[in-house]
Amino acid sequence: MDATIGDPTVASSVERVFESQLLPGTWGQVTFRSMVISVVLGTVFGFVGLRIMMKAGIIQALNLPINVLSFFFLKWFINLLRACGFTTLPFSRQENVLILTTVTTCLNVAISGGFANYVVGMTSLVAKSLGVENPDPRDVVDNFPTGRWMLFLFVISMVGIMTSVPLNKVMIVDYRLLFPTGTVQAHLINSFHTPQGAHVAKLQVLTIFKFFLGSFSWTVFSWLYSAGDNCGFANFPMFGLELYKHRFKFDFSPTFLGVGMICPHVINLALLFGGIVSWGLVYPFLETKHGEWYHTESPSSLQGMNGYKEENDSRLSSYMKRHPSLNYDECKRVEVFLQNKIPLTISVGGYIASATVSIVVIPWLFNQIKFYHVATLYIITPVIAFANTYANGLTDWSVGYTYGKFTIFVVAAWIVKAGAVVAGLVACGIMIAALHISSQATQDIKTGYMTLTSERAMVIGQIVGVIIGSIVNPCIFLAFQKGEKPNVSIGSPESHFPCPFAGLFRAIGVIGTGGVKELPDYCLTMCFASFCITIATNVLSLVSQRKGWRIHKYLPNMTVVALPFFAGPDFTIDMCLGSAVLFIWTRMNSRSADLLSSAVAAGLICGEGLFALPSAVLGIFSVQPPMCMKFFPSGKEVDVVDSFLNNLETPTRT
């Protein structure tokens with residue numbers, strides 16, 4: 001089947017395929033059955049997400065498994081109702097998206113709720129693990145009532161949703177940001193619901209599932225070799241072992257290869273540039289200053305190398321070129337989006353109202369933090385949320401946790417008295433919830449935009465997700481706590497849930513009570529220098545764009561450049577490879593590339609993304625990969641490893 005047949009402008013149109021279907025209104029999308037499915041899946045993914053976070057400290061993105069399961073679960077539910085004699089309407093892609101955003105929001109409440117980090121970091125158990133035998137009672141929170149946790153989660157998460165609403169139009173319609181995961185989710189849902197007989201759409205669906213199968217199979221294969229730390233294909237030292245030490249490696253990730261295919265070339269090159277500058281130049285230079293500018297060996301302490309990373313990753317950027325040309329699909333999507341847009345006065349009023357409630361409620365729940373601390377956070381939150389959502393729209397990266405850890409330090413240094421550590425951890429929760437939930441909510445709105453789903457219906461679904469998550473997740477945490485061994489608490493090394501990052505979050509607060517003098521030498525100087533470079537670059541880009549100078553095409557986006565400073569350079573190599581594949585494909589057959597490149601990218605991303613669910617289930621049952629593949633330099637190290645392996649006892653059959 002030739003992908004180049006016909007006029008590509010018409011042939012590749014998605015919305016023309018769905019023209020014969022009636023577009024349901026807002027309340028036609030928010031159905032009772034979708035809410036029932038959302039409660040069930042929200043509980044399931046809340047359980048899975050919390051268990052992984054509390055055991056490992058980190059979690060893979062589960063958006064794509066949620067996407068697939070919401071489709072098949074709702075389809076099964078409708079067939080069950082029909083088998084029982086009930087008359088039901090066929091479900092639409094808009095209803096599918098509503099379930100997706102509701103369940104994803106519920107999971108994001110679990111992820112940003114701090115159960116694996118700042119919540120456990122408030123306990124006396126973690127305080128004692130950091131060497132404080134008798135911590136001040138004002139600096140610990142033990143046995144906090146579950147009902148109060150529910151209230152805390154609800155108010156901070158609602159602010160996160162309200163933060164995203166004013167940004168949706170700006171990010172999606174005005175700046176036309178990509179939001180790679182949101183775009184892939186939309187491609188997948190559109191493919192699930194494609195009407196029969198749509199020739200080009202069927203070709204795109206076939207392409208998605210071909211590359212999905214290849215990506216999923218490769219991910220399963222590579223998992224088999226990933227037992228242990230730094231094992232497997234994800235740690236392939238393509239550029240040599242010396243550069244591997246600075247995280248320059250090729251990790252064979254289909255996800256970032258696909259993201260690179262749908263991100264603009266300039267974004268991928270800016271990411272690679274940031275990776276080279278940070279891990280190739282700046283950090284090796286700072287390592288030579290150990291013992292002069294800083295003294296700690298800890299890779300996570302703000303008193304060491306991590307202090308430079310946290311400070312330099314906090315720069316902001318707010319300029320993006322607009323793309324005026326629109327095809328039929330984009331015109332249709334903009335039309336539907338604007339028809340169902342939430343007015344700016346209501347969205348801003350919602351943020352002010354939810355922030356005001358939080359300013360009153362949070363100091364009542366935690367007397368260590370005052371109302372003016374919370375008010376200050378909510379004044380600056382929209383600016384930081386803009387930058388974080390902007391970066392997420394460009395690269396699929398959210399650095400909400402980075403800002404959250406920085407907030408711990410700032411608030412603890414501001415208070416500098418008993419209770420400062422708990423206040424810093426509470427402030428961290430406020431910031432993470434606002435940034436993480438808002439960026440992910442806007443990403444889901446991108447999915448809704450590409451499936452003609454009402455923004456009003458999406459926000460309703462997100463609010464329902466907040467309610468479900470605020471009730472269900474503390475109950476799951478309590479159930480985990482009740483299921484612990486006698487005299488063992490969550491967060492201890494003997495626990496099933498050691499929460500490995502809880503101590504780090506508390507340690508940042510302890511360091512913060514000492515003020516900025518606890519940071520390594522020249523940290524603030526480098527922060528100020530990077531801030532000035534960012535402002536100067538953005539001003540030059542804006543001026544050159546207004547004046548028509550060609551230089552603006554070659555200036556890197558500084559928000560994008562900043563991401564590898566914290567995340568590492570390895571994923572940028574995958575993205576640039578994806579960009580190179582698309583460039584070569586376009587040169588060879590531009591029509592085929594225009595028609596199928598997004599489908600190829602969606603398949604690659606979905607395959608690896610869907611494996612996150614079985615991988616999580618295997619982790620829950622302590623099933624580990626059977627093999628470890630590592631790389632060593634030639635010479636003595638190989639001899640030592642060979643000697644060790646030769647001396648291992650060979651298992652014998654009994």
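Here is a short walk through this structure, starting with its core and moving on to its cysteines. Keep in mind as you look around that this is a predicted model.

Let's begin inside. The largest nonpolar core is made up of 149 residues. If you would like landmarks within it, look for I156, I362 and F366, the residues with the most contacts inside this core. The biggest contribution comes from helix α19, which spans residues 420–450 and supplies 18 residues. As general background, nonpolar side chains tend to be buried together in soluble globular proteins.

I156 is a good place to pause. Setting aside its neighbours within four places in sequence, I156 is in contact with Y118, S358, I362, Y378, G429, I430 and A433. One of these partners, I362, is itself among the three residues with the most contacts inside the core.

Now to the cysteines. In general, a disulfide is a covalent bond between the sulfur atoms of two cysteines. This structure holds one disulfide, and it joins C231 to C628, with an S to S distance of 1.9 Å. The link of C231 and C628 is left-handed, with -65 degrees about the S-S bond. C231 sits in the loop between α10 (199–223) and α11 (241–244), while C628 sits in the loop between α26 (612–620) and α27 (636–646), so the pair ties together parts that are 397 residues apart in sequence.

How accessible are these two partners? C231 is buried, at 6% relative accessible area, whereas C628 is partly exposed, at 43%. Two further cysteines are worth finding: C106 is buried, with a relative accessible area of 0%, and C331 is partly exposed, at 38%.

Notes: Residues numbered from 1 in each chain as written. Predicted model: local features only at pLDDT ≥ 70, side-chain atom pairs only at ≥ 80, totals over all residues. Heavy atoms only, no water. Core = buried A, V, L, I, M, F, W, Y, C linked by side-chain atoms within 4.5 Å. Buried < 20%, exposed > 50% of the residue type's maximum accessible area, 1.4 Å probe, protein only. Helix = DSSP H or I, 4+ residues; strand = E, 2+ residues; numbered from the N terminus. Contact = heavy atoms within 4.5 Å. Disulfide = S-S within 2.5 Å.
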